[in-house]
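This briefing covers a ligand site, the open and enclosed spaces in the protein, and a few single residues. Please keep the structure in view while reading.

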Amino acid sequence: MSPYKAILLFGAPGTGKGTQGALLAQVPGLHHVATGDLFRALDKQSDLGKEFTNYSSRGELVPDRLTVELFLQSLVQRALEGKFQRGRDILVLDGIPRTVEQAVALDPLVQVLGIIHLTCADQEAMVHRMRQRALKQGRPDDADESVIRRRFEVYRLESQPVLHHYPTNRIHDVSALGSPAGVLAKIMEIVAPILDSNSVNPLA
Ligand code: AMP
């Protein structure tokens with residue numbers, strides 16, 4: 001079977017991956033998948049739901065095997081439900097791969113066409129965004145400042161090295177600062193040519 005085609009949304013916590021992912025989900029030919037959303041949708045009393053709460057409430061990542069399994073199951077389920085077509089649509093992956101081990105596990109299955117790296121040198125601006133989000137969404141991993149700080153550390157230690165796993169010419173740095181529309185415009189300059197060169201034309 002042909003691999004899934006994907007664009008990765010990459011960046012530290014609070015850089016707006018979820019916001020941009022939701023906007024990109026409206027673009028024909030793209031299908032947004034956020035692993036954080038998959039975990040949050042689990043029954044909190046299920047074994048995996050309990051594992052998720054245990055790790056995320058401490059700002060830690062869920063173990064790779066559980067994460068990759070949940071992600072791949074969700075792709076199969078979404079395709080079965082007709083939400084996306086494997087050969088036609090491009091996945092926008094928000095929150096996976098988040099470790100080099102996950103990137104290696106996905107290599108045979110997912111063809112990474114481009115990586116949007118949302119950057120922000122001002123960590124305090126991102127901490128502020130996350131605290132605002134915690135108030136609105138009641139997320140356990142954003143509620144406590146020490147957990148937020150741990151998430152940044154985990155990002156630096158475990159997720160940033162993922163960027164070295166891919167060829168540099170596939171990585172596009174985009175400043176996360178500014179309005180969602182402004183950031184989206186910069187992302188679309190990268191995404192539109194990828195859609196064109198993969199001859200994805202949902203109207204055809
Ligand atoms: P997010 O909404 O992307 O910030 O994810 C919320 C939490 O879900 C993270 O802090 C992790 O505990 C867990 N999570 C999401 N994606 C992954 C992943 N790819 N690998 C491990 N844990 C993840």
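The notes below go through the ligand shell, then a pocket, a cavity and some individual positions.

The model is predicted. Its ligand has 17 residues around it, and the protein covers 95% of the 480 Å² of accessible area that the ligand has on its own. Apart from the ligand site, the points below take up the second largest pocket, with a volume of about 200 Å³, and the largest cavity, with about 30 Å³ of space.

**Ligand shell**

- Among the 17 residues around the ligand, those that come nearest are Thr35, Glu60, Gly95, Gln102 and Arg151.
- By class, the shell around the ligand holds 5 nonpolar, 6 polar and 6 charged residues.
- Helices α2 (35-40) and α3 (47-56) each contribute at least two residues to this shell.
- The largest share, 4 residues, is supplied by α2.

**Polar atoms facing the ligand**

- Arg151 has a side-chain N or O atom 2.5 Å from an oxygen atom of the ligand.
- Glu60 places a backbone N or O atom 2.8 Å from an oxygen atom of the ligand.
- Val62 has a polar backbone atom 3.0 Å from a nitrogen atom of the ligand.
- In these pairs the side chain is used by Arg151, whereas the backbone is used by Glu60 and by Val62.

**Gln102 and the loop before α5**

- Gln102, one of the residues that come nearest the ligand, is placed in helix α5.
- Gln102 has a relative accessible area of 2%, which is under the 20% limit, so this residue counts as buried.
- A polar atom of the Gln102 side chain lies 2.9 Å from the backbone nitrogen of Arg98.
- Ile96 and Pro97 are joined by a cis peptide bond, with omega at about -5 degrees.
- Pro97 belongs to the loop between β3 (90-94) and α5 (100-106), and Pro97 also helps to line the largest cavity.

**Second largest pocket**

- Of the 14 residues that line the second largest pocket, Ala12, Cys120, Met126, Tyr155 and Gln160 lie nearest its centre.
- Two or more lining residues come from each of β4 (110-119), α6 (123-137) and α7 (145-159).
- The lining of this pocket divides into 7 nonpolar, 6 polar and 1 charged residue.

**Largest cavity**

- How many cavities of 30 Å³ or more are there? The count comes to 1.
- The largest cavity holds about 30 Å³ of space.
- Its lining is made up of Leu8, Leu93, Pro97, Ala103, Leu106, Asp107, Val110, Val112 and Tyr166.
- Both α5 and β4 give at least two residues to the lining of the largest cavity.
- Of these lining residues, 8 are nonpolar, none is polar and 1 is charged.
- Helix α5 thus has two roles in these notes: Gln102 is placed in α5, and α5 supplies at least two residues of the cavity lining.

**Leu195**

- Leu195 sits in helix α8, which spans residues 180-197.
- Is Leu195 buried or exposed? Leu195 is buried, because its relative accessible area of 8% is under 20%.
- Leu195 and Ser74 are 121 residues apart along the chain, and their C-alpha atoms are separated by 23 Å.

Methods
Residues numbered from 1 in each chain as written. Predicted model: local features only at pLDDT ≥ 70, side-chain atom pairs only at ≥ 80, totals over all residues. Heavy atoms only, no water. Near = heavy atom within 4 Å. Polar contact = N/O pair within 3.5 Å; in protein donor to acceptor, adjacent residues only side chain to side chain. Areas by Shrake-Rupley, 256 points an atom, 1.4 Å probe, with all protein chains shown as cover. Nonpolar A, V, L, I, M, F, W, Y, C, P; charged D, E, K, R; others polar. 1 Å grid on protein atoms, 1.4 Å probe; cavity = no way out; pocket = protein on both sides within 12 Å on 5 of 7 lines; lining within 4 Å. Points joined across faces, edges and corners; volume = space filled by probe spheres on them. Buried < 20%, exposed > 50% of the residue type's maximum accessible area, 1.4 Å probe, protein only.
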